[in-house]
Amino acid sequence: MTLAWRHLPRTLRLETSSLRIRKKCPSLSGAFWTSVTKLGLHTKPRMPPCDFTPERYQSLAYDRVLDIHRQHLSPVLMSYFSEPLLLHQGHMEWLFDYEGNRYLDFFSGIVTVSVGHCHPKVNAVAQKQLGRLWHTSAFFVHPPIHEYAEKLSALLPEPLKVIFFVNSGSEANDLAMLMARAHSNNTDIISFRGAYHGCSPYTLGLSNIVSFKTKLPSGIGCQSTMCPDVFRGPWGGSHCRDSPVQTIRKCSCAPDCCQAKDQYIEQFKDTLNTSVAKSIAGFFAEPIQGVNGFVQYPKGFLKEAFELVREQGGVCIADEVQTGFGRLGSHFWGFQTHGVLPDIVTMAKGIANGFPMAAVVTTPDIAQSLAKHLLHFSTFGGNPLACAIGSAVLKVIKEENLQENSQEVGTYMLLKFAKLRDEFEIVGDVRGKGLMVGIEMVKDKMSRQPLPREEVNQIHQDCKHMGLIIGRGGIFSQTFRIAPPMCITKPEVDFATEVLRSALIQHMERRAKQN
């Protein structure tokens with residue numbers, strides 16, 4: 001699917017949109033490519049054209065930015081690159097650094113920019129609301145809040161119709177934990193190993209990645225269970241995933257009968273029988289694991305797991321922070337791809353295209369259970385500005401057919417990346433759905449052992465030098481996470497594929513020289 005407004009005649013675009021004046025980007029043969037000429041001719045795929053010129057950077061010097069960061073910001077190392085990327089401006093799927101270099105954004109600010117950086121329609125709504133009213137608190141009413149609540153609830157099936165607005169995914173999952181315990185009168189909550197559900201004191205218990213584990217007391221009453229990862233786990237085969245691309249592992253399963261799913265369900269039962277109380281509070285699951293490298297589960301697994309949880313008195317929570325709002329293409333919500341109906345749904349990130357906003361949606365019964373236990377309140381949750389932006393995002397997704405674009409371009413991208421897996425021994429797995437794709441790097445396909453971090457870092461750095469920004473994930477940071485804004489096009493996927501191919505070739509050349 002192509003985005004129709006991009007192909008209107010140039011004169012018509014100028015006449016109909018004062019917000020989006022079309023300009024030419026800096027020459028691709030100029031300064032941007034100077035920094036990458038050393039990489040060799042085969043490493044310089046031609047970047048697609050762009051019709052936007054960034055403003056001239058006139059803020060802090062690069063070294064001054066780094067000095068301030070070292071002195072006054074968190075000491076936790078969070079930059080992907082040895083030389084942190086200083087970004088200045090964004091436009092749809094493009095980012096520009098302080099020197100005017102252009103990058104194709106294939107990570108969307110950690111799967112957060114849904115409809116495009118600074119989308120003109122969203123900008124216009126935000127600017128209008130900024131001039132009217134920013135903040136009221138929940139003690140007052142204001143139309144944008146209620147308009148958005150009605151629009152969002154219409155996108156969810158019955159009985160998921162009661163919305164609690166908050167400000168981040170961690171806060172949403174924190175509240176969902178409290179809801180589950182209030183409604184069930186139980187404590188234990190289960191989540192997958194490799195899961196990430198937040199970094200608050202409560203949700204740290206659900207986040208089962210070593211970087212988020214601490215010796216300090218946190219997340220009491222949380223229990224992990226085996227992640228049904230059909231590539232890295234003990235079971236998996238060639239029919240397991242709801243994806244155009246399957247693992248290279250062989251199995252004797254029929255397309256409609258997954259033995260791996262049955263094995264992982266037995267592990268889940270073992271957790272229920274040995275590691276939690278007879279009655280539990282709930283079970284958290286991302287429809288596709290995010291931080292762990294976009295891991296998909298066997299088809300049918302979540303449906304059976306939800307049934308087992310409910311048999312033990314628990315509620316089922318779908319964490320849609322990364323998967324929601326049409327990103328997976330075939331459905332608006334990730335839980336719909338599994339054929340399940342959760343009791344609670346949490347959402348953030350793409351909900352407002354990068355503006356701080358999140359929500360918890362649940363049933364009237366669960367909402368009443370929470371109300372009986374406490375007066376829940378969020379000062380900034382559901383503020384007028386956030387809700388106006390949220391409504392604008394929903395409108396853009398619908399008007400510009402971005403869910404359909406995610407399906408068409410995402411499938412195209414998956415199949416292109418699958419060819420890289422067939423071409424390179426170190427590309428162990430390509431997986432995903434829609435515009436949420438993981439590329440797992442390995443030493444070799446036979447062992448499936450993760451490619452050393454230093455080698456993955458080099459490939460990642462080479463992609464950046466060629467103008468492509470991608471993310472990282474996985475227990476060993478061995479997986480490239482690909483999640484561009486949903487306005488992405490096929491020519492841009494072609495460019496990204498060629499960049500990845502060039503980076504992989506460079507890596508193989510380095511490895512050959514070392515040997």
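**Reading a predicted model: cores, helices and loops**

Author: In this predicted model, the largest nonpolar core has 100 residues, and those that touch the most other members are Phe106, Leu152, Phe283, Phe325, Met347 and Met441. The largest share of this core, nine residues, comes from H11. A second, separate core of 22 residues includes Ile317, Ala348, Ala358 and Leu370.

Reader: With which residues is Phe106 in contact, leaving aside its neighbours within four places in sequence?

Author: The contacts of Phe106 include Met413, the run Leu468, Ile469 and Ile470, and the run Arg481, Ile482, Ala483 and Pro484. Ile488, Glu492, Val493 and Ala496 are also in contact with Phe106.

Reader: How much confidence does the prediction carry, and over which residues is the pLDDT below 50?

Author: The mean pLDDT of the protein chain is 91, and 91% of its residues reach 70 or more. Over residues 1-41, however, the pLDDT is below 50, although this stretch has 77 contacts in the model beyond near neighbours in sequence. Where pLDDT is low, the predicted coordinates should not be read in detail.

Reader: How should the buried residues of a helix be read, and which are they in H6?

Author: An α-helix has 3.6 residues a turn, so residues three or four places apart point the same way. Helix H6 comprises residues 143-154, and its buried residues are Pro144, Ile145, Tyr148, Leu152 and Ser153. They cover an arc of only 155° around the axis, and therefore lie on the same side of H6. The face turned away from that buried side carries the exposed residues Glu150 and Ala154.

Reader: What covers the buried residues of H6?

Author: The cover includes helices H5 (120-130) and H11 (384-399), together with strands E4 (162-166), E9 (344-347) and E10 (358-362). As for length, the 12 residues of H6 reach 17 Å from first C-alpha to last, close to the 16 Å expected at 1.5 Å a residue.

Reader: Is H7 mostly covered or mostly exposed?

Author: H7 is mostly covered, with 12 of its 16 residues buried. Among them are Gly169, Asn173, Leu175, Met177, Arg181 and Ser184. Helix H7 (residues 169-184) reaches 22 Å from its first C-alpha to its last, close to the 22 Å expected at 1.5 Å a residue. Asn185 follows H7 and has a positive phi, near 60°.

Reader: How are residues in loops to be placed, for instance Thr136 and Gln449?

Author: One may consider location, exposure and contacts in turn. Thr136 is in the loop between H5 and H6. Thr136 is buried, because its relative accessible area is 15%, under the 20% cut-off. Not counting residues up to four places away in sequence, Thr136 touches His142, Ile145 and Pro384.

Gln449 is in the loop between strand E12 (436-441) and helix H13 (453-465), and is partly exposed, with a relative accessible area of 42%. Beyond its neighbours within four places in sequence, Gln449 is in contact with Met441, Val442, Lys443, Asp444 and Arg232. Arg232 is 217 residues from Gln449 in sequence, yet their C-alpha atoms are 8.7 Å apart in space.

Reader: How many disulfides does a search of the whole structure find?

Author: The search finds zero disulfides. For Cys316, the nearest cysteine sulfur is that of Cys222, 16 Å away. For Cys463, the nearest is that of Cys50, 20 Å away. Cys316 is buried, with a relative accessible area of 0%, and Cys463 is likewise buried, at 0%.

How values were computed:
Residues numbered from 1 in each chain as written. Predicted model: local features only at pLDDT ≥ 70, side-chain atom pairs only at ≥ 80, totals over all residues. Heavy atoms only, no water. Helix = DSSP H or I, 4+ residues; strand = E, 2+ residues; numbered from the N terminus. Buried < 20%, exposed > 50% of the residue type's maximum accessible area, 1.4 Å probe, protein only. Contact = heavy atoms within 4.5 Å. Expected span 1.5 Å × (residues − 1). Arc of directions from axis to C-beta. Disulfide = S-S within 2.5 Å. Core = buried A, V, L, I, M, F, W, Y, C linked by side-chain atoms within 4.5 Å. pLDDT = per-residue confidence, 0-100.
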